[in-house]
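Here's a quick walk through one model, starting with a strand pair and ending with a cavity. Have the structure open as you read.

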Amino acid sequence: MRKVISVLAWKGGCSKTTVATNIAWYYQLQGKKVLLVDTDRPEQITSSNWAALNDESSLITCVSINSDKSKVIERDINELSRGYDIVVIDGRPGSSPIATACIKLADLVILPVVPSPADMWVFEKMADLIQSRQEMTNGLPKAGILFSMTRHNSKIQDLAKVELEPFEIPFINTNLDIRDEYKYCIGLGDGVCSPGKNTGAKNEFEAVMVEIEGFLND
């Protein structure tokens, strides 16, 4: 059965595309048929650029859908995703109609958050969209907060967690630390879970994927 994972954030700079492309890459390494959907505006596309960099990325079908209309987003993704095992949607920052469509289509929403005041200030907007949908659909889609660009043993993510706990959205227990490997892989069109990659980044992201699988299969 097809599973749809939407990676969403209200603001840019939180590793949204890094997370989306690495999820897609992980699943293609598992032999899944993967569709990656880039919903950014044409001048801001990132997942599409990533997919064009590596011949092996052709194993992942990447499409760009940049309409501003939620109904068009829903229709196009539903039509294009037929026959795929996994659909990963790289959402557009700060757009209520597009975010609403991506939430409606999803089985799971991943919310990358940098533990900083700027991200805390806008998180409520995305949480409201998700919880409004969950109230209408018996708690679906599931959602998880993923701290990104963290520093090992830093206390700031603990403080950020306290700030976000009242929203009652579960946390993914593994954080994505600041690692050059994530930047290298974006620039090469591959992912950190490939054989031979930095073990720190690979082990970290594989641990995230174990938790994502737990959300999807629960």
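Let's begin with one residue pair: Leu35 sits opposite Val87 of β4. Keep in mind that this is a predicted model. The strands involved are β2 (residues 34-38) and β4 (residues 86-90), which pair in the parallel sense over 5 bridges.

Zooming out, where does that pair fit in the sheet? The sheet is an open one, built from 7 strands with parallel pairing, and the order runs β3-β2-β4-β1-β5-β6-β7. At its edges you'll find β3 (60-64) and β7 (176-177); each has a single partner strand, so one side of each has no neighbour in the sheet. As a reminder, strands of a sheet pair through backbone hydrogen bonds, either parallel or antiparallel.

Here are the strands mentioned so far, with their residue ranges.

| Strand | Residues |
|---|---|
| β2 | residues 34-38 |
| β4 | residues 86-90 |
| β3 | residues 60-64 |
| β7 | residues 176-177 |

Now for the cavity. The structure has 1 cavity of 30 Å³ or more, and the largest cavity holds about 90 Å³ of space. Two elements each give two or more residues to its lining: β5 (108-113) and α5 (117-136). Of the elements, α5 contributes the most, with 4 residues.

Which residues line the largest cavity? They are Leu8, Ala9, Trp10, Lys11, Leu111, Pro112, Val113, Asp119, Val122, Phe123 and Met126. By type, the lining splits into 9 nonpolar residues, no polar ones and 2 charged.

Notes. Residues numbered from 1 in each chain as written. Predicted model: local features only at pLDDT ≥ 70, side-chain atom pairs only at ≥ 80, totals over all residues. Heavy atoms only, no water. 1 Å grid on protein atoms, 1.4 Å probe; cavity = no way out; pocket = protein on both sides within 12 Å on 5 of 7 lines; lining within 4 Å. Points joined across faces, edges and corners; volume = space filled by probe spheres on them. Nonpolar A, V, L, I, M, F, W, Y, C, P; charged D, E, K, R; others polar. Pairing = 2+ DSSP bridges.
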